[in-house]
Amino acid sequence: MESPHLSIRTHTLIISVISYLSFLLSYFVRFHLLAGVLNYDLSVYHAMALCTAVLHYAAYSLAFYPHVSLYRRFGKQVQRTIVCELACTFSVLALLFIIDLPEFSRGVVFISCGLSVVLISVKHFIVIRIFSAFHRSGFYQRTILLIGEGPTAERYAGVVLGDPEAGHHLLGYVASQGQPFDSTYMGGYDALEQAITQLTPDEAIIALPPEQYIHLDSIIASCEKYGVPLRIIPCYEERISSQIVTSKFEDIQMIGIRDIPLNHLGNAMIKRTCDIVLSALMLILLSPLMLLTAIGVRLSTHDTVFFTQVRIGKDKKPFKMLKFRSMKPNDQEDSAWSTQNDDRRTLFGALIRKLSIDELPQLINVLKGDMSLIGPRPEIPCFVEQFRDEIPLYMIRHMVKPGITGLAQVNGYRGDTSIKCRIEYDIAYIENWTIWVDLRIMLRTIPSLINDEQLPLHDKHQD
């Protein structure tokens, strides 16, 4: 039986109703449970509640459900709910400013935001539990005929057979020979039409290995002949990001396996504007600290204040990254990582490294456009050449500007740590960027400014 999953329209209508009720409830919380004086009658708030309901319908239709699994990932749904609610709240506040209602209680708007987050999250949880219970009991499963063999087909079958709450029930499979998973073998590809009429599946999943793609056209024709909806898991599925894009060149349909949000002009402009404004502001506010640091560096190293090192940036272009010098000049400074207990450090250098003050000159790199505030950390050219061959997908990190801090760094992968784990976080950031992701990383960076750098007992380099 086909799964009774609610449509996107139904979900957004429910959320609109919840937002409407939340706004009215916030009115009573503000003026009846909390101290306050009624300055507008309920009809005004009722009209604004209707406006917020319409706004929620648009926001959740465009920014929520097209990107989130409706039934499986509660944590992701809550995160995106918070983002949508903040966007709706700021939009309502902007509307109040435009229509000039100075006596309208902004407290109602903020209370409504909190109530909506809670109530909509409860709605998500209830929907997930209801459909998980249905699927676990064997009801409302979407029946599947698997067409294919090899690692991709085995991986799909393993997920379906191992997770009954996923809502898919594997009726059987068609392949050139029997496969090592527990399902009914219906025969070779020439038996497909017979399998379709015998099993009457809700959907066909095609998961062919590369050498079997010669059968693809006839398989699609057979499925369409019997009106069976189908989806294709490409043999290169593991290399496809969660964000794919389709495009058309003349009359040729094309699929991009990795859509980078920051390649879109609007997103790029938002990020660059934030970089310019924030880096300029931080340079002004931190200029006294940077001046004192420069004096300390000069006295401790008797060398240049800034240490410049060639790093690889966006589109694999080299640039000179700035830092406050924390070590005496040495032969390895352009080709080796520094470590926590590096004996090349000065005592003052170890101190500014521990407090992450040595990174502040990179705000100049951000202002120049070489870097961003948030992004993958830039690497030394020799290591880029090395890791390109050793780490899968390593070069994807050069599709965006490098950053002073990033998702990997706030998760503990900074300095001499696992490159593979760093790359996984970098790619997750690149593929899922939003301005809200940058904001969360920036807030998480603050408590990590004091790092695990060990201070030497004495300064070996002082004259």
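# Reading the helices, sheet and cores

Biologist: Which residues of α14 are buried?
Modeller: This is a predicted model. Buried means under 20% relative accessible area. In α14, the residues that qualify are Ile-419, Arg-422, Ile-423, Asp-426, Ile-427, Tyr-429, Ile-430 and Glu-431.

Biologist: What covers those buried residues of α14?
Modeller: Look for elements that touch them. Among these is one strand, β9 (372–374). The helices include α8 (265–285), α12, α13 (407–410) and α15 (435–445).

Biologist: How far apart are the end C-alpha atoms of α14?
Modeller: Start from the expected span. Helix α14 has 13 residues, 419–431, and at 1.5 Å a residue it should span 18 Å. The model agrees with this, because the end C-alpha atoms are apart by 18 Å.

Biologist: Which residue caps the N-terminal end of α14?
Modeller: Look for a side-chain oxygen by the backbone nitrogen of Cys-421. One lies 3.2 Å from that nitrogen. It belongs to Ser-418.

Biologist: Which element gives the largest share of the largest nonpolar core?
Modeller: The core has 37 residues, and Phe-324, Tyr-394, Tyr-429 and Ile-441 touch the most other members. Elements giving two or more residues include α9, β8 (318–324), α11 (362–368) and α15. The largest share is five residues, and it comes from α14.

Biologist: Which residues of α14 does Tyr-394 contact?
Modeller: Set aside neighbours within four places in sequence. Tyr-394 then touches Glu-379, Val-384, Phe-387 and Arg-388, along with two more residues. Those two sit in the list of buried α14 residues. They are Ile-419 and Ile-423.

Biologist: How many residues does the second core have?
Modeller: In soluble globular proteins, nonpolar side chains tend to be buried together. Here a second core, separate from the first, includes Met-186, Ala-195, Leu-199 and Val-228. Its residue count is 16.

Biologist: Which strands stand at the edges of the open sheet?
Modeller: Four strands run in the order β2-β1-β3-β4, with parallel pairing. An edge strand has a single partner, so one side of it is left without a neighbour in the sheet. That describes β2 (168–174) and β4 (230–232).

Biologist: What is the average twist from one strand to the next?
Modeller: Step across the sheet in its order, β2-β1-β3-β4. From one strand to the next, the twist averages 25°.

Biologist: How many bridges join β1 and β3?
Modeller: These strands cover residues 142–148 and 203–207, and they pair in the parallel sense. Ile-144 has Glu-203 as its bridge partner. Leu-146 stands opposite Ile-205. The bridges number five.

Biologist: What angle does α6 make with β1?
Modeller: Helix α6, residues 192–199, packs on the sheet and touches β1 and β2. Compare the direction of α6 with that of β1: the angle is about 170°.

Biologist: Which residue in β2 stands opposite Arg-142?
Modeller: β1 is mostly covered, with seven of its seven residues buried. β1 and β2 pair in the parallel sense over six bridges. Opposite Arg-142 is His-168.

Biologist: Which residues of β3 point the other way from Glu-203?
Modeller: Five of the five residues of β3 are buried. Glu-203, Ile-205 and Ala-207 point one way. Pointing the other way are Ala-204 and Ile-206.

Biologist: Which residue of β4 stands opposite Ile-206?
Modeller: β3 and β4 pair in the parallel sense, over three bridges. Across from Ile-206 in β4 is Ile-232.

Biologist: Is Thr-52 buried or exposed?
Modeller: Thr-52 is found in helix α2, residues 42–63. Its side chain reaches the backbone oxygen of Ala-49 at 2.6 Å. Beyond its neighbours within four places in sequence, Thr-52 contacts Ser-19, Phe-23 and Val-92. Its relative accessible area is 4%, so Thr-52 is buried.

Biologist: What is the phi of His-302?
Modeller: Most residues other than glycine have a negative phi. His-302 lies in the loop between α9 (287–301) and β7 (306–312), and it is partly exposed at 47% relative accessibility. Its phi is positive, near 55°.

Biologist: What is the phi of Leu-393?
Modeller: Leu-393 sits in the loop between α12 (381–390) and β10 (403–405). With a relative accessible area of 30%, Leu-393 is partly exposed. It is not a glycine, yet its phi is positive, at about 65°.

Key: Residues are numbered from 1 along each chain as its sequence is written. This is a predicted model: local features need pLDDT of at least 70, side-chain atom pairs count only at pLDDT 80 or more; totals for chains, interfaces and linings use all residues. Side-chain values use heavy atoms; hydrogens and water are left out. Buried means under 20% relative accessible area, exposed over 50%, partly exposed in between (1.4 Å probe, protein chains only). Two strands pair if DSSP finds at least two bridges between them. Axes are lines fitted to C-alpha atoms, for helices over the stretch in contact, and angles run from 0 to 180 degrees between N-to-C directions. Contact means heavy atoms within 4.5 Å. The expected span of a helix is 1.5 Å times one less than its number of residues. A polar contact is a pair of N or O atoms within 3.5 Å; within protein, one must be able to donate a hydrogen and the other to accept it, and residues adjacent in sequence count only if both atoms are side-chain atoms. A nonpolar core is a set of buried Ala, Val, Leu, Ile, Met, Phe, Trp, Tyr and Cys residues joined through side-chain atoms within 4.5 Å.
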